[in-house]
Amino acid sequence: MKKTQQQVAEACGISKSLLSKIENGQTASAIATLSKISEELEVPLTWILDDHDDRDLVLLPHTERQFKVGDENMGYSYELLANRSRFTGIEPTIVHVTPRDMNVREETYTHSQDEFIYILEGAIHLLYEDEKHYMEKGDSAFFKGNKSHLFIPVNNEPARVLTVFIDNHL
């Protein structure tokens, strides 16, 4: 079923103008917002984030990885690790957590995908359902994305988090 831009925007709780800017690459957006758009369009998040054709094998040298810079209000930026087929349901990314003095985000996120995280560098507090969990390099967690969560920087050192979004609806 085809949906108008207005219908998608309303279903996601955003303005048609913002949806248009996201669609045209004129603004960065939170993964939670992009997740809602992907859910409304019934496509995986990677399909929204990247524009490569679906392939059976994806080799992505680090020099060619897409780096998406978020604004400070998001609390992070991210880079895609692979543009997998839009039907795999697994979306690996590296999340760069904004250092504490620059991070102004306090609102938690929710999205439809489950999430596996592994701390590659630095440390964060994982705020999950109003409980704060300290995590450092080498620690991992798996959680339901539809529960409120947020990566909170511990200090002003960089933190990088391998994040794998798992869509259980495919």
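These legends go with a few close-up views of a predicted model. Local features here need pLDDT of at least 70 and side-chain atom pairs count only at pLDDT 80 or more, while totals for chains, interfaces and linings use all residues. Residues are numbered from 1 along each chain as its sequence is written, and side-chain values use heavy atoms, with hydrogens and water left out.

**View 1. Helix 1 packs against helix 2.** Helices (H or I, at least four residues) and strands (E, at least two) are DSSP runs, numbered from the N terminus. Helix 1 covers residues 5–12 and helix 2 residues 16–23; their axes, 8 Å apart, make an angle of about 105°. Axes are lines fitted to C-alpha atoms, for helices over the stretch in contact, and angles run from 0 to 180 degrees between N-to-C directions. That makes the two helices roughly perpendicular (a label for angles of 65 to 115 degrees). Look for Q5, Q6, V8 and A9 of helix 1 meeting K16, L19, S20 and E23 of helix 2, where contact means heavy atoms within 4.5 Å.

**View 2. Here is helix 3, with its buried residues.** Helix 3 runs over residues 31–41, and its buried residues are I31, A32, T33, L34, S35, I37 and S38. Buried means under 20% relative accessible area, exposed over 50%, and partly exposed in between (1.4 Å probe, protein chains only). Just past the helix, E42 has a positive phi of about 60°.

**View 3. Strands 6, 5 and 8 form an open sheet, in that order.** The pairing is antiparallel, and two strands pair if DSSP finds at least two bridges between them. Strand 6 (131–136) and strand 8 (149–153) are the edges, each pairing on one side only. Neighbouring strands are turned by 25° against each other on average, direction ignored. Strand 5 (residues 123–128) shares 5 bridges with strand 8, and L127 has L150 as its bridge partner there.

**View 4. Time for the salt bridges: the count is 3.** A salt bridge is a side-chain nitrogen of Lys or Arg within 4 Å of a carboxyl oxygen of Asp or Glu. E40 and K3 meet at 2.8 Å, N to O; E40 sits in helix 3 and K3 in the segment before helix 1, 37 residues apart. K144 and D114 meet at 3.3 Å. K144 lies in the loop between strand 7 and strand 8 and D114 in strand 4, so this pair ties together parts 30 residues apart in sequence. D114 is buried at 5%, whereas K144 is partly exposed at 40%. E121 and R160 meet at 2.9 Å.

Notes: Angles under 35 degrees count as roughly parallel, over 145 as roughly antiparallel, 65 to 115 as roughly perpendicular and the rest as oblique.
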